[in-house]
Amino acid sequence: MSGHPEVGVAGLGVMGAAIARRLLRRERTVRVYDVRQNAVAELARDGAQAVDSAARLASSSVVILSLNTADIVEQVVFGPEGVLSATPEGVLVIDMSSIDPGRTRVFAERAAKLGAGWVDAPLSGGAPGAERGELTLMLGGEEEDVERALTVLGALSSRLTHIGPPGSGQLVKSVNQVLVGCGFAALAEAAALVRAAGLPPRQVKAALTGGRADSALLQEFFVKFAEVDLTPTGRVSNMVKDLEAARDYARSAGVPLPVTTAVSELHRWLTAAGHGDADNAALMHYYGTGTGDRSGDEAGDGTGRTGDRS
C-alpha cells in the first residue's frame with residue numbers, strides 16, 4: 001500500500017460502496033463513514049476501516065464523497081462534525097456526487113480558505129463501472145488538485161477528462177444526465193413495443209447492434225428494461241434530481257429543454273407513484289408493465305430498494 005494515499009469515503013450507497021470496494025481490491029487503505037451503521041459494518045467486513053464521524057475521515061489525505069444532494073455534501077464537509085471541521089489543511093476532497101455546479105464552486109472556495117483542495121468528479125458508468133474500474137469521470141478543479149486526485153481516481157476509471165475550474169465537471173454531468181435520462185425514456189418505449197409484440201429482447205438487441213440505434217445504453221440496459229429487471233444500478237429519484245438541476249441551469253442560461261422537461265416529469269410521476277427508490281428500469285411501470293410479469297424472487301418487491309442515498 002506504500003506510495004498510495006489513504007482514502008476516506010463518505011456515503012456508502014450503491015455507488016459509494018462500489019467505489020470503496022474497488023479501492024480495497026486495489027490494496028488501498030480505505031476509511032468509510034455513513035449515517036447507516038449497517039452499511040459501514042458491511043464495508044468493514046470487506047476490509048475497510050470504520051469511523052464514527054465524517055471528521056475522522058480527514059485522517060486520510062484524500063476524502064471521496066458519494067452523496068445525494070448539495071445540502072448533504074455541505075453538512076458532511078463543513079458541518080460541526082464534517083470532514084473539514086478539525087484539521088482541514090492539506091486534505092483533498094473529491095466530490096463524486098452529482099450536485100449543482102454553482103454550489104460546487106462555493107464549496108471549492110470555502111475549502112480553499114481552509115487550506116483544503118476540492119475536485120468535482122461526477123461519474124458515468126454506475127456501480128458496475130466502479131466495480132470494474134471503468135468509470136468515465138468529468139473533472140472540475142484547479143490543476144494541482146486534479147493532479148493529486150488522479151492518484152486515486154485512476155483506480156476507478158478508464159476515462160478522465162479535466163474540463164476546467166471547480167463546477168465544470170458538475171456541469172458536464174448535467175449534460176450527461178440529459179442524454180442518459182432521455183435515452184432511458186426512449187429505451188423504455190422501445191422495450192414496451194418489443195414486449196407488446198412478444199419479440200425476444202436479446203435477439204432484438206442483436207439486430208440493432210452496429211446500426212444507428214446502437215449505443216452503450218442499448219447494450220447495457222435494453223434487455224434489462226424489456227425483462228423488467230429491477231436489480232438496482234441507479235435510482236429514479238436521483239434521475240429526477242439530476243434532470244431538474246439541468247433544467248434549472250438551462251432556465252438561467254435561457255436555453256429551452258422541452259424533451260428533458262417531459263422526461264423529468266415522467267420520472268417525477270414514478271416518484272409520486274412510490275417508485276423513487278426503484279431502479280431506472282421502473283420506467284416500464286408507466287407502460288403498464290411491472291414486476292407482476294416476473295416472480296417475486298427475481299424482481300424483488302417492485303422498488304429496487306437498497307436503503308442507499310447515492
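Start by selecting Glu 143, which sits in helix α6 (residues 143-153); helices here are DSSP runs of H or I, at least four residues, strands are E runs of at least two, and both are numbered from the N terminus. Keep in mind that this is a predicted model, where local features need pLDDT of at least 70, side-chain atom pairs count only at pLDDT 80 or more, and totals for chains, interfaces and linings use all residues. Residues are numbered from 1 along each chain as its sequence is written, and side-chain values use heavy atoms, with hydrogens and water left out.

Glu 143 counts as partly exposed because its relative accessibility is 46%. (Buried means under 20% relative accessible area, exposed over 50%, partly exposed in between, with a 1.4 Å probe and protein chains only.) Now add Glu 142, Glu 144 and Glu 147: together with Glu 143 they gather in a surface patch of negative charge. A patch takes residues with over 30% relative accessible area and no salt bridge, joining like charges within 9 Å and nonpolar side chains (Val, Leu, Ile, Met, Phe, Trp, Tyr) within 5 Å. Asp and Glu count as negative, Lys and Arg as positive, while His and the chain ends are not counted. Each charge is placed at NZ of Lys, CZ of Arg, CG of Asp or CD of Glu.

Next, go to Ala 10 in strand β1 (residues 7-10). Ala 10 has a relative accessible area of 0%, so it is buried. Show Val 83 too: the two are 73 residues apart in sequence and 9.0 Å apart in space, C-alpha to C-alpha.

Time for salt bridges (a side-chain nitrogen of Lys or Arg within 4 Å of a carboxyl oxygen of Asp or Glu). The structure holds 18 of them. Pick Asp 277 and Arg 235, whose side chains meet in one at 2.4 Å, N to O. This pair links distant parts of the chain, 42 residues apart: Asp 277 is in the loop between α11 and α12, and Arg 235 in the loop between α9 (216-226) and α10 (236-253). Which partner is buried, at 12% relative accessible area? That's Arg 235, whereas Asp 277 is partly exposed at 32%.

Stay in the α11-α12 loop and select Asp 279. Asp 279 is buried, at 0% relative accessibility. Its side chain joins that of Lys 224 through a polar contact of 2.6 Å; such a contact is a pair of N or O atoms within 3.5 Å, where within protein one must be able to donate a hydrogen and the other to accept it, and residues adjacent in sequence count only if both atoms are side-chain atoms.

Last stop: select Asp 71, Glu 74, Arg 103 and Arg 110, linked in a salt-bridge network.

Terms used:
Accessible areas come from the Shrake-Rupley method with a 1.4 Å probe; for residues, only the protein chains shown count as cover.
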